[in-house]
Amino acid sequence: MAMKWCPVCSFSTAGSLQQGSVLLLTLEEMDRFLFLLLLLMGRNELSQQEEVCSKSVVNTCGDCIRSGKYCVWCQQLNFTKAGEQDAVRCDTQKNLIMRGCKATEILSPESHVKVMQKDALSTSFKQQEPVQLSPQKISLRLRPERSATFSVSFKRAVGYPVDLYYLMDLSYSMIDDLEHVKELGQDLFAALKSITEHAQIGFGAFVDKTVLPYTNTNKEKLLKPCDENDQKCQAAFGYRHVLNMTSSEDEFKRKVTGQYISGNLDSPEGSLDAMMQAAVCGDKIGWRNSSTRLIVLTTDAGFHMAGDGKLAGILEPNDEQCYMEHNLYTNSIEMDYPSVGQLAMQLEKNNIQPIFAVTENVETVYKQLSQMIPKSEVGVLRSDSKNVVQLIKDAYNRLSSKVTLTHDNLPKNVRVVYTPKCSHAGPPGDSEGVCSNVLVGEEISFDVTVTASSCMEDTSFTIRPLGIKDTLTVTLSTDCECQCEDPQTTTSHEHCNSKGQVSCGICSCSEGSIGQFCECLIGEKDERTLRASCRRENGTECEGRGDCVCGRCICHTTESGSSYHGDFCQCDDEHCERFLNKPCGGNGQCNCGECKCNPDFEGSACQCRKSVEGCRTQNNTVCYGRGTCRCNRCECTEGYQYPRCQTCLGCADPCQTKLNCIECLGFDVGPFKKNCSLACSSVHHEMVDQSTIQNKKCHQKDSDGCWIKFNLDQLFGEDNYKAEILNQRDCPEPPSVAAIIGGSLASVALIGILLLMLIKLLLYMKDLKEFKKFENEKKKSKWAKADNPLFQNATTTVTNPTFTGE
């Protein structure tokens, strides 16, 4: 017999529980023990889910219903006592019955489920629109916070059509794969025919955006991006739709055979661009309305995503629209790549399930992508794609055998929980329900629980299986008001003193009457004036705790039976601070929200016995007189430190503040000299040769410029000090007047001499400069060599004019 250890307890052979020992248990005994443990835990959980009505402001039956899912309303007449607020009509059903309300007088809107359309599930596909999900339309009428559950059935029709779109990467690295795909048509159709007679195949190809840095934009390279030795190479392109959905093998082979390899620069390709266009251009691809739609993406490289377009200066985000002309994606170089979220949303919206047939080097990348795209599969291609047919069959079987029921965008404050009912059911979830290994023709079901947490009218949402066209439309409304069975009288009801009608057990008074039972006549005063006198500082009428009757507040009773009190019902004797879960700690009385403590207790909740033992200091004072002792603990004056208020970190330095008192008390100098005893009464001084106080040592300069040494000790209280002042001041010698005057005169004379020498030097420099200028000018002068006309020679020569020389 198999045995197990129980580390906490054990069962004896008779099955009794023993403590303090560790024995071996049989599997049967261990299972019994675990069952008992789970049963106890379940009972504790149920006890914690006890029905509670947490109402706040309740004036009507509608307010009550909106307060919580367990709140119900009693419409019984005379249920409330005089002065009792109508809010007591709102409580749990159990509490209302205990208070005397008849079960037939309790109002509680119930949730209702109404099936509006429920067509039978189809067994097989017979060229008409099959029904695979039932029901198709449901109307819910819910009470807020109360849930309603309905069942949804699903059965995959036998022979349901399949549309497969083969989307191939035609970059240069896929050259050997393309040659194999050209011979793939017969095998592909044979594989799909084994699944359904109504199969169609389409074909598309992609490379990347034809701009730098993704593709070489040289004109020759755009026309022939392949290697020079490759003669059959088509021009670079982003995405091209090659073949519409067709059931013809020959047409598939002819179209695919006409395809040739292309090329680009970088490793990641524009596969997300291609998938987005294949998803949103349904009329151009040829998707049928009633079919399982598959996109088989074959590639050996990663993919570009939203934001990568910025490398090429493409800033416009992808708008998820179709831009296909002449079978080419025309906005490839104008619009960024789509994000994974955008692609996932469009695939889900168009009921398309992708199969990623990729090489081993990028398997991890596409598995991560598959986790973000619902109803998708990943398979590993061989280097030449020879196993692609088997890969598609396996992926299709995994996709078709897994049924995932989910919803589109839910209205605000609505929650949906799916509980699968099948042989391989996943856990209940609030986003989806999953059944795995579901066979074709096998009927499964899901329990769908819907809860609305707020009031709403005619709101709808859609539930559907992922990858399937069938949908269930759920229309949701809530009951937030009571349908009361009020007495129908042509005149006013006697319950309201014949001055009003009964509405859900409450009097609705006629004009001119007010009060709980319409007992007060307004008279000459208008109702606004009377009600204003019941408001404190223009606040709520009677603080929301009473009724304004004839201009005076008639206070309600609390839920415990006591009464609110005060002119405006502002006081109650229940909501005081608690200690040890007792109002006022059980050591005082609650009066208008404040605790009135018994003589021996204190504290905001009377939680402390009066005592000062914890506040006593070494000198037998209480908090050194710098705080108050409350709850046997010092509450210090601002700045002084806990626990005994002995030191003050934030206070001014007493060496500075008490200096004037020290110099007048010790040496009869300073600003307090004339009234020293009065101004310095807080300082008790003593003149000493050597100080014994070590608490605060001070060394300050007084008003005479002398250094004073004194020590301070703070006594009881905030401004009370004992000072020990050293007898001798340290005063510096006075300056020599003669030396100062002599030095000043010498300095003036020296400065004068220096100024005269400076002036003399400046004049000398100026004259020297002028003389040099004169010398330079003299050197530059040039004298004429002609005779001076004013010069008279001393020798006179006379010539005889008649002398001929003979």
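The following exchange introduces a predicted model.

Q: What kind of model is this, and which pLDDT applies to local features?
A: The model is predicted: local features need pLDDT of at least 70, side-chain atom pairs count only at pLDDT 80 or more, and totals for chains, interfaces and linings use all residues. Residues are numbered from 1 along each chain as its sequence is written, and side-chain values use heavy atoms, with hydrogens and water left out.

Q: How many helices and strands are there in the chain?
A: The chain has 17 helices and 43 strands. These are DSSP runs numbered from the N terminus, with helices (H or I) of at least four residues and strands (E) of at least two.

Q: What radius of gyration does the chain have?
A: The chain has 52 Å, whereas a compact globule of 806 residues would have a value near 28 Å. The radius is taken over C-alpha atoms, and the globule rule is 2.2 Å times the number of residues to the power 0.38.

Q: And what box do the C-alpha atoms fill?
A: Along the principal axes, the box is roughly 160 × 140 × 85 Å.

Q: How many of the residues count as buried?
A: Of the 806 residues, 41% are buried, meaning under 20% relative accessible area with a 1.4 Å probe, protein chains only.

Q: Changing topic, which way do β38 and β39 run?
A: Strand β38 (residues 627–630) and strand β39 (residues 633–636) run antiparallel and are joined by 4 bridges; pairing requires at least two bridges found by DSSP.

Q: Which residue stands opposite Arg630 there?
A: That residue is Arg633 in β39.

Q: What about Cys631 in that hairpin?
A: The hairpin has 2 residues between its strands, and Cys631 takes a positive phi near 55°.

Conventions
Buried means under 20% relative accessible area, exposed over 50%, partly exposed in between (1.4 Å probe, protein chains only).
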